Amino acid sequence: MNKIERLEAQSIFIIREAYKSFRNIGMLWSIGKDSTVLLWLAKKAFFGHVPFDLIHVDTRYKIPEMIAYRDEIARKLKLRLVVGQNIQALAEKRTFVDGLDRLACCRELKSNALIHTLDGSWPRRFYDPQKDAWMEIARAEPYNAVIVGVRSDEEGSRSKERVFSARDEKSEWDASAQPPELWNLYKTEFAPKTHVRVHPLLEWTELNIWEYIEKEEIPVIPVYFDQGAGKRYRSLGCYPCTSPVESTAKNPADIIEELVSGKFRNVAERSGRAQDKDGGGTLETLRKEGYM
Amino acid sequence: MRKGWSNAAGNRRHETGSPSAGRVAASGTPERMNIVITGHVDHGKSTLVGRLLTDTRSLPEGKLEAVRNACEKNGRVFEYSMLLDALEDEQKQGITIDSARVFFKSARREYIMIDAPGHVEFLRNMLSGASRAVAAVLVIDAVEGVAENSRRHGLLLSLLGISQVVVVINKLDLYRYDETVFHAIRQEYERYLESLDVKPVAFIPVSAREGKNIVTPAPETPWYRGKTVLEILDGFNNPVPEEDAFFAMPLQDVYRFSNDNDERRIYAGTVVSGRVAVGDRVRFLPSGREARIASIEAWSAPVKTVAKMHESTGFTLVEDIYAKSGEVLVKVDENAPVQTASRLQANMIWLSGNPLTFGKSYLLKLGAAKVEARLEKIERVLGDARDDMADSSPCALNRNACGSVILRLARPIALTSFHENASLGRFVLVDDHDAAGGGIVLAPLPEEAARPALPEGFEDTLFLLLRKYFPHRFPDTGKRPDPESSSSI
């Protein structure tokens, strides 16, 4: 087995372990390449089925193609898709576009929307694949655990994550007091009311993700590729805070070339993401509060 | 041809439809290795990793400059460790708190360097990192010499079964690369490691801060003719799965997804040894049930007839049988060393603030099995006499202590010794909701040995007394009753 096959097998093991261990589990799907690989791995793990909800936090400022792609895939794969949104912050114009600083905007539209969608305290929009219809759920059951596609090589605090990582009642992460996690004998026993983040992709790098997308021919959203304008997105987020990179890569093989020996050999993946740049520890601060 | 998302539950592509199947990844380095960096606090582990990243040009552009600038702005001296200590608390305190996964590539392969904390308070984090590694670098500060955690980490590596070890003696620039300083430390530490049966492949004199003998040989140490740190790492090997080893797979789960008229009952798990093929007859342990493999299932993959070690797979059986997650599958026609036992002898480390004690119930996790376990005996506490681990009393295993113990399980599970199979021979103990300890199985033990040793003739005397005082229940039939059927006593 080569390294990609090993990574695949290890991630499938983790996803199965998570599904076995939690009564009410979901998977975060940001529409980006990492969580789309995660969706692919879930279909591998469960032999074509996706036996849990996919959860998307819609900030309303996502790159427009993302929402179209999301809805198309959900319909095609008959996914149970749950969408959460901070409706109030949007209505009261508490956003970066309306003058709020970036960090506060991430906190409102992403962290808070995520936390309250997961705990069921805010309404969820739900796509029912059997009826091919959207509906609103006012008071939903909280998720005990969510599977999230973060990777260690993205950012410092993510390099220190556990595979099964607990959040307390306030969704907060105590990065300095994590339990031991030996071999693949993950601790899946948690006190009641603990919320758990499961991270099957921690040992994957950006390069590994693209190697897997190429090997498996996974149809990721096309905004990752140059459509002729000499630009493409390397990392997806909200359009006011995410810029495309100059690149003529038109397929996964071109991107792998760029990462291995080309122009992005030594350029950080999230260099197009503005919220990482406002001083050290910003993403860590967000993550401690509940960001993914 | 694009494969795309397929909705068919049992989607199978045929070999011809898979142009890229089995192809080596395009980066040209099909291999990945996990290495842990261990040693006492402040001996320079993070500095060594930071230096390796810098000198192999693995850092993102501008990262080094950004950290240097930040130091200048805050009036601090630049340290290579600052590249790694990413948490705010770590940067403030100048120590590593939790293991970090750091990625870099050499000409030979991809690496994950696991930078483990050296502070004793964060031993659980060091172990979490080390348990993912196949090789280790032990860093020793030439000024301080062999310290408490140099010894403790050596012991833990031997306990985790990590046999590929290199010792790096750091900060030799402070002694102007004096050969005698290097040799004195080497001698002391080598003797200690020998007592643990750990045989390092090399001892390397380095200065991590100055980048000496890290990726290029240093002219300052003409007396050292060995390899650099990077050369030694590249010389380590990932364990190669033995092609003809016995088949074993812990049963992780059994799936029966009824949507889309999927009728399959799939027995899923990750193969931990050997291989299994369609048509093979398998036995589930400990239940002993047997069945024949009907198909090996996979989504969006060529039709498979064999599943091999490390694969996360699943199959259907010709005879649908009732099997529970936690059992271990072996082949009926193989003499697999997988045993069924409810007692085991183990070397373990305890990490919780509440000591491991007698009379308390814990949850043991091994393979996919979960079972209630109790401490039966502490045979000895492991560690150096000068080490505070030796102070723990034999009636409990205190935090951060290692010991040889016997554990008794509430029911039998299938397992092997760690030596036979790593995955079926290691375990963790959960105390309430706390992952409290872990260890490796030295040997599964038979049930009989657990019975207290009775004085010679005790059983006969007892039986005579019972017959004398309870003649109606123990009629004189001329022979002793079967002990198994005398439960009415």
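In the predicted model, chain A is built from eight helices and 10 strands. Along the principal axes, the C-alpha atoms of this chain occupy a box of roughly 50 × 50 × 45 Å. A compact globule of 292 residues would be expected to have a radius of gyration near 19 Å, and the 18 Å found for chain A agrees with that expectation. Of the 292 residues in chain A, 55% are buried. The contact pattern can be read alongside these figures: among contacts in chain A with a separation of 6 or more, 74% join residues that are 24 or more positions apart.

We turn next to the meeting of the two chains. Here 58 residues of chain A are in contact with 67 residues of chain B. On the side of chain A that touches chain B, at least two residues each come from α1 (3–21), α2 (33–45), α3 (64–77), α6 (206–216) and α7 (252–260). The helix α1(A) gives the most to this side, namely eight residues. In terms of residue character, the side of chain A that touches chain B comprises 26 nonpolar, 12 polar and 20 charged residues.

The nonpolar interior offers another view of the model. Its largest nonpolar core holds 198 residues, and those with the most contacts inside it are B:I35, B:V168 and B:I169. The largest share of this core comes from α1(A), with nine residues; the helix α1(A) is also what gives the most to the side of chain A that touches chain B. As for B:I169, its contacts beyond the neighbours within four places in sequence are B:I140, B:A142, B:F182, B:I185, B:R186, B:F203, B:I204, B:P205 and B:V206.

Chain B can also be described through its domains. The assignment divides chain B into domain 1 (32–235), domain 2 (248–331) and domain 3 (346–450). Between domain 1 and domain 3 of chain B, the C-alpha centres are 30 Å apart. These two domains touch through 12 residues of domain 1 and 12 residues of domain 3. On the domain 1 side of this contact, the elements giving two or more residues are α4 (123–130) and α5 (148–160) of chain B. The largest share of that side, six residues, belongs to α5(B). By character, the side of domain 1 that touches domain 3 in chain B splits into seven nonpolar residues, one polar residue and four charged residues.

Conventions:
Residues are numbered from 1 along each chain as its sequence is written. Chains are lettered from A and ligands numbered from 1 in the order in which they are written. This is a predicted model: local features need pLDDT of at least 70, side-chain atom pairs count only at pLDDT 80 or more; totals for chains, interfaces and linings use all residues. Helices (H or I, at least four residues) and strands (E, at least two) are DSSP runs, numbered from the N terminus. The radius of gyration is taken over C-alpha atoms; the globule rule is 2.2 Å times the number of residues to the power 0.38. A residue is buried if 20 or more other C-beta atoms lie within 10 Å of its own, exposed if 12 or fewer, and partly exposed in between; C-beta atoms are placed from the backbone. Two residues are in contact if their C-beta atoms, placed from the backbone, lie within 7 Å. Ala, Val, Leu, Ile, Met, Phe, Trp, Tyr, Cys and Pro count as nonpolar, Asp, Glu, Lys and Arg as charged, and the others, Gly among them, as polar. A nonpolar core is a set of buried Ala, Val, Leu, Ile, Met, Phe, Trp, Tyr and Cys residues joined through C-beta atoms within 7 Å. Domain bounds come from an automatic or database domain assignment.
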